[in-house]
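Before the points below are read, please have the sequence and the model open side by side. The note is written for a colleague who has not met this structure before, and it goes from ring pairs to charged pairs and then to the fold as a whole.

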Amino acid sequence: MGRSMRTTRIYLVEDEALIVMEISDRLTQLGYEICGTAARGEQALEEISQRRPDLVLMDICLAGRLNGIETAARLRRLLNVPIIFLSAFSDTKLVEEAVGAGAFGYLVKPIEIRELHATIQAAFYKHRLECALQEANADLEQAVLKRTVELSRSEAQLRNLFDGTSDLIQSVALDGRLHFVNRAWRETLGYSADEVTELTIFDIIHPPCRDQYRDLVRRIIAGKNPELIEISFQAKDGRVIVADGRVSLRMEDGRPVAAQGLFRNITEHKRMETSLQALNSRLDFLLSSAPVTIYTCKPTAPYAATFVSANLTGVLGYTVEEFLSTPGFWA
């Protein structure tokens with residue numbers, strides 16, 4: 001919103017009475033209201049805080065304990081008010097100090113009325129921009145804070161979801177560093193959350209499977225996502241954990257950044273499968289070497305065999321096919 005010159009209030013800090021009169025007269029000619037004057041910085045700080053002017057004209061060299069730059073620095077901590085410095089010198093060092101104190105303008109005495117008016121208008125424009133920027137930054141900070149809270153909540157929900165499953169979940173950087181593993185992964189392999197941060201995927205892949213993993217990542221990057229895979233991990237205590245699952249590629253800005261895996265621990269299943277295969281082999285050996293024929297048949301007519309051991313021919317002289325396909329044999 002634009003400012004009306006007739007309502008704009010200016011406070012003048014100057015310790016030379018003649019200059020105070022001269023500047024006040026010129027401000028009045030330009031339509032500004034002089035809401036107060038002070039010769040010392042200490043007095044200016046007290047009165048400006050009470051009178052709340054729209055702008056302050058501050059002489060750099062003031063009598064008293066505080067000079068103009070020190071007074072301005074303290075004032076800026078109290079109020080968001082534009083300050084224009086006045087000086088009898090155009091020394092570069094003074095200008096730099098004034099800018100560091102938050103100056104919105106710098107005028108060298110004696111002050112021309114046109115230069116005074118232009119500098120005040122420029123100071124108001126710069127102050128409006130600064131206020132708008134501060135407001136925009138505050139809005140941005142609030143938006144970032146809100147988004148951060150939302151992301152943290154979503155991350156916590158995802159973590160709870162991942163930690164609530166018995167599947168082993170991992171996210172691995174392309175150089176092998178572990179980005180994320182879930183609770184089931186840590187408990188199965190025997191590592192703490194702190195220990196995981198020091199591991200790479202090659203620390204926990206069973207050595208015979210490391211080349212398999214490297215080839216898997218190369219194929220995924222090439223766009224050849226495999227279906228179900230089986231791979232072995234090595235736990236902290238040396239146990240081999242057999243798992244099956246799927247691995248996919250995580251992309252950011254069109255670039256691959258991580259291989260994400262979801263695995264199921266099938267170690268016990270594989271052990272039972274191996275035991276069953278051994279048992280079946282043993283049973284087949286016993287059946288084939290025993291001097292008897294073992295068979296099963298339906299308990300009701302028409303009677304027919306449903307199973308017969310492989311040594312049938314040697315014992316009874318019939319082939320297995322004849323024995324199974326001849327219903328009259330059982331009449």
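**Notes on the predicted model**

1. The count of aromatic pairs in this structure, which is a predicted model, comes to 2. One of them joins F202 and Y213, whose ring centres are 5.9 Å apart and whose planes stand at 85°, so the pair is edge-to-face. The pair links distant parts of the chain, since F202 belongs to helix α8 (residues 201–204) and Y213 to helix α9 (residues 210–221), with their positions 11 residues apart in sequence. As for the surroundings of the two rings, F202 counts as partly exposed at 23% relative accessibility, whereas Y213 has a relative accessible area of 7% and is buried.

2. Another edge-to-face pair is made by F233 and F263, because the ring centres lie 5.4 Å apart and the planes meet at 80°, where over 60 degrees is the cut-off for that class. Here too distant parts of the chain are linked: F233 is in strand β8 (residues 229–234) and F263 is in strand β10 (residues 255–265), 30 residues apart. Are these two residues buried or exposed? Both F233 and F263 are buried.

3. A further ring deserves a look for a charged neighbour rather than an aromatic one. K126 lies over the face of F104, and its distance from the ring centre is 5.1 Å.

4. On cysteines, how many disulfides does a search of the whole structure find? The search returns 0 disulfides. Two cysteines can be described by their accessibility: C35 is buried, with a relative accessible area of 11%, while C61, at 44% relative accessibility, counts as partly exposed.

5. Turning to charge, side chains of opposite charge can pair when their charged atoms come close. The structure holds 17 salt bridges, and one of them is formed by the side chains of E33 and R9, which meet at 3.9 Å, N to O. Because E33 lies in strand β2 (residues 33–38) and R9 in strand β1 (residues 9–13), this pair ties together parts that are 24 residues apart in sequence. Both partners are partly exposed, E33 with a relative accessible area of 37% and R9 with one of 24%.

6. Other salt bridges sit within a single helix, and two of these can be read side by side. The side chains of E47 and R51 meet at 3.8 Å, N to O, and both residues lie in helix α2 (residues 41–51), 4 residues apart, which is about one turn of the helix. E47 counts as buried at 17% relative accessibility, because the cut-off for that class is under 20%, whereas R51 is partly exposed at 35%. In helix α9, D215 and R219 are likewise separated by about one helical turn, because they are 4 residues apart, and their side chains meet in a salt bridge of 3.1 Å, N to O. D215 counts as partly exposed at 33% relative accessibility, and R219 counts as partly exposed at 32%.

7. Salt bridges may also share partners. E14, D59 and K109 are linked in a network of salt bridges, and a reader may wish to locate these three residues together in the model.

8. For a view of one residue and its neighbours, V242 is a useful choice. V242 is found in strand β9 (residues 240–252) and is buried, with a relative accessible area of 14%. Which residues does V242 touch, leaving out those up to four places away in sequence? They are E230, I231, S232, R264, N265, I266, T267 and K270. One of these, N265, is 23 residues from V242 in sequence, yet the two are 6.1 Å apart in space, C-alpha to C-alpha.

9. Finally, some totals set these details in context. The secondary structure of the protein comes to 12 helices and 12 strands, and 35% of its 331 residues count as buried. Of the contacts with a separation of 6 or more, 50% are accounted for by residues 24 or more positions apart. The protein exposes about 20000 Å², and carbon and sulfur atoms supply 55% of that area.

How values were computed:
Residues numbered from 1 in each chain as written. Predicted model: local features only at pLDDT ≥ 70, side-chain atom pairs only at ≥ 80, totals over all residues. Heavy atoms only, no water. Helix = DSSP H or I, 4+ residues; strand = E, 2+ residues; numbered from the N terminus. Buried < 20%, exposed > 50% of the residue type's maximum accessible area, 1.4 Å probe, protein only. Contact = heavy atoms within 4.5 Å. Areas by Shrake-Rupley, 256 points an atom, 1.4 Å probe, with all protein chains shown as cover. Phe/Tyr/Trp six-rings, centres within 6.5 Å; stacked < 30°, edge-to-face > 60°. Lys NZ or Arg CZ within 6 Å of the ring centre and 35° of its normal. Disulfide = S-S within 2.5 Å. Salt bridge = Lys/Arg side-chain N within 4 Å of Asp/Glu carboxyl O.
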